Amino acid sequence: MNRRRFMAIGAAFLAAPARAEVITWQAPALGGLVRVDLRGPRALATETARAIAATIEEVEAAASLFRPESGLSRLNRAGRLDDPPPALRDLLALAGRVHAATAGAFDATVQPLWQALAEGADPASARARIGWERVRPGPPVILGTGQALTLNGLAQGYAADRVRETLHAAGYGRVLVDMGEFAALSGPFRIGVDDPELGQIAIHDILGDAIATSSPGAMRLGGAFHILGPAGQRPVWSTVSVQAASAALADGLSTAFCLMDAPAIRTALARLPEVSAVTAASFSGDVTTF
């Protein structure tokens, strides 16, 4: 959960006048700095900022690979977790759904392969441990022998969705959450989609929905792209952006779609009515919309 150094959350209270006071709160979270700008009554904004911090903490405590005592870290060490926290249960359920929808292109069990490549080790044995079908999402959650999970392809989107829900419950009506993936209430908001080599490839208008973007070339891992094909697939697209009802779903799909050709993406979209738009740029610079 560490793809951006800065994340921003902006929200306006439903009854706030255009020139209402803006309360700013910021803190380290999700591997970067989160800044929250809340327009509305000071007491409400202060309380809401605390609620946002608690929401982000809940997601990190469940799914961070960098916290030894997170639910996910404990699961990966022991291969079993009898008491998965609610956020981890949500993420595991979504991981299973995205795996099925993408015919296995999204597979949370690639963590040993990621680790092997990061350490310069032979990836052959790590590849042999990949396979979501060996995971029992429970509870209790049980992994196959030698397996470990990463939920980095979902967790930032999930956090954005949870923060959006927190703001909605507090009475905020116009919201843009940027936690690496974007989630909105009301709007519209215009979101540019950038490719590391090509620059801007699209602009999406979001109105109460979400958008997530993945670019395999944005990071290298032992000379390989950081988006790893569970069956040895190499990325087909330089950048994929997915607009959907939830940021978590868009997050997982944008990762998986990088590994899928156009016919496979269309097949997946037929099973995903929550997705409203997909933009994909090839390594040669051609842009395709679905």
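## A look around a predicted fold

Let's start with one residue: Phe13 is partly exposed, with a relative accessible area of 22%. Keep in mind that everything here comes from a predicted model.

What kind of ring pair do Phe13 and Tyr172 form? The two make an edge-to-face aromatic pair, with 5.8 Å from centre to centre and 75° between the planes. Phe13 belongs to strand 1 and Tyr172 to strand 6, so this pair ties together parts of the chain that sit 159 residues apart in sequence. Tyr172 is buried, at 1% relative accessibility. That label fits because anything under 20% relative accessible area counts as buried, while Phe13, at 22%, is partly exposed.

The structure holds 2 aromatic pairs. In the other one, the ring centres of Trp237 and Phe290 lie 6.3 Å apart with planes at 90°, so this pair is edge-to-face too. Trp237 is in strand 13 (residues 237-244) and Phe290 is in the segment after strand 15, so here the parts tied together are 53 residues apart in sequence.

Here are the four ring residues side by side:

| Residue | Relative accessible area | Label |
|---|---|---|
| Phe13 | 22% | partly exposed |
| Tyr172 | 1% | buried |
| Trp237 | 7% | buried |
| Phe290 | 22% | partly exposed |

### The sheet around that first pair

The strands carrying Phe13 and Tyr172 are partners as well. Strand 1 (residues 6-13) and strand 6 (residues 172-178) pair in the antiparallel sense, over 6 bridges. Within that pairing, Phe13 stands opposite Tyr172.

Now zoom out a little. How many strands does the open sheet have, and in what order? There are 9, running 2-3-1-6-7-10-13-14-15, and the pairing is mixed. Strand 2 (22-29) and strand 15 (287-289) are the edge strands, each pairing on one side only. Ignoring direction, neighbouring strands of this sheet are turned by 10° against each other on average.

Helix 6 (residues 155-170) packs on the sheet and touches strand 1, strand 3 (32-39), strand 6, strand 7 (182-185) and strand 10 (210-214). The direction of helix 6 makes about 160° with that of strand 6.

There's also a hairpin to find: strand 8 and strand 9, with 3 residues between them. Strand 8 (residues 189-195) and strand 9 (residues 199-206) run antiparallel and are joined by 7 bridges. Phe189 stands opposite Ile206 there.

### A buried leucine

Is Leu149 buried or exposed? It counts as buried, because its relative accessibility is 0%. Leu149 lies in the loop between strand 5 (141-142) and helix 6. Beyond its neighbours within four places in sequence, Leu149 is in contact with a list of residues including Leu65, Leu72, Leu92, Ala108, Trp132 and Val135. Another residue to look for is Val110: its C-alpha is 6.7 Å from that of Leu149, although the two are 39 residues apart in sequence.

### Quirks in the backbone

Next, some spots where the backbone does something worth a look. The peptide bond from Pro139 to Pro140 is cis, with omega near -5°. Pro140 sits in the loop between helix 5 (124-128) and strand 5. The bond from Gly187 to Pro188 is cis as well, with omega near 5°. You'll find Pro188 in the loop between strand 7 and strand 8.

That loop also holds Ser186, whose phi is near 60°, a positive value in a residue other than glycine. Ser186 is partly exposed, at 35% relative accessibility. Ala103 has a positive phi too, about 55°, although it is not a glycine. This alanine is in the loop between helix 3 (86-101) and helix 4 (111-119), and with a relative accessible area of 71% it is exposed.

### The whole chain

Finally, step back. The protein chain has 8 helices and 15 strands. For 290 residues, a compact globule would have a radius of gyration near 19 Å, and the chain's own value of 19 Å agrees with that. The C-alpha atoms fill a box of roughly 60 × 45 × 35 Å along the principal axes.

Buried residues make up 54% of the 290. Of the contacts with a separation of 6 or more, 62% are between residues 24 or more positions apart. The chain exposes about 12500 Å², and carbon and sulfur atoms supply 54% of that area.

Note on methods
Residues numbered from 1 in each chain as written. Predicted model: local features only at pLDDT ≥ 70, side-chain atom pairs only at ≥ 80, totals over all residues. Heavy atoms only, no water. Pairing = 2+ DSSP bridges. Helix = DSSP H or I, 4+ residues; strand = E, 2+ residues; numbered from the N terminus. Axes fitted to C-alpha atoms, helices over the stretch in contact; angles between N-to-C directions. Contact = heavy atoms within 4.5 Å. Rg over C-alpha atoms; globule rule 2.2 N^0.38 Å. Buried < 20%, exposed > 50% of the residue type's maximum accessible area, 1.4 Å probe, protein only. Areas by Shrake-Rupley, 256 points an atom, 1.4 Å probe, with all protein chains shown as cover. Phe/Tyr/Trp six-rings, centres within 6.5 Å; stacked < 30°, edge-to-face > 60°.
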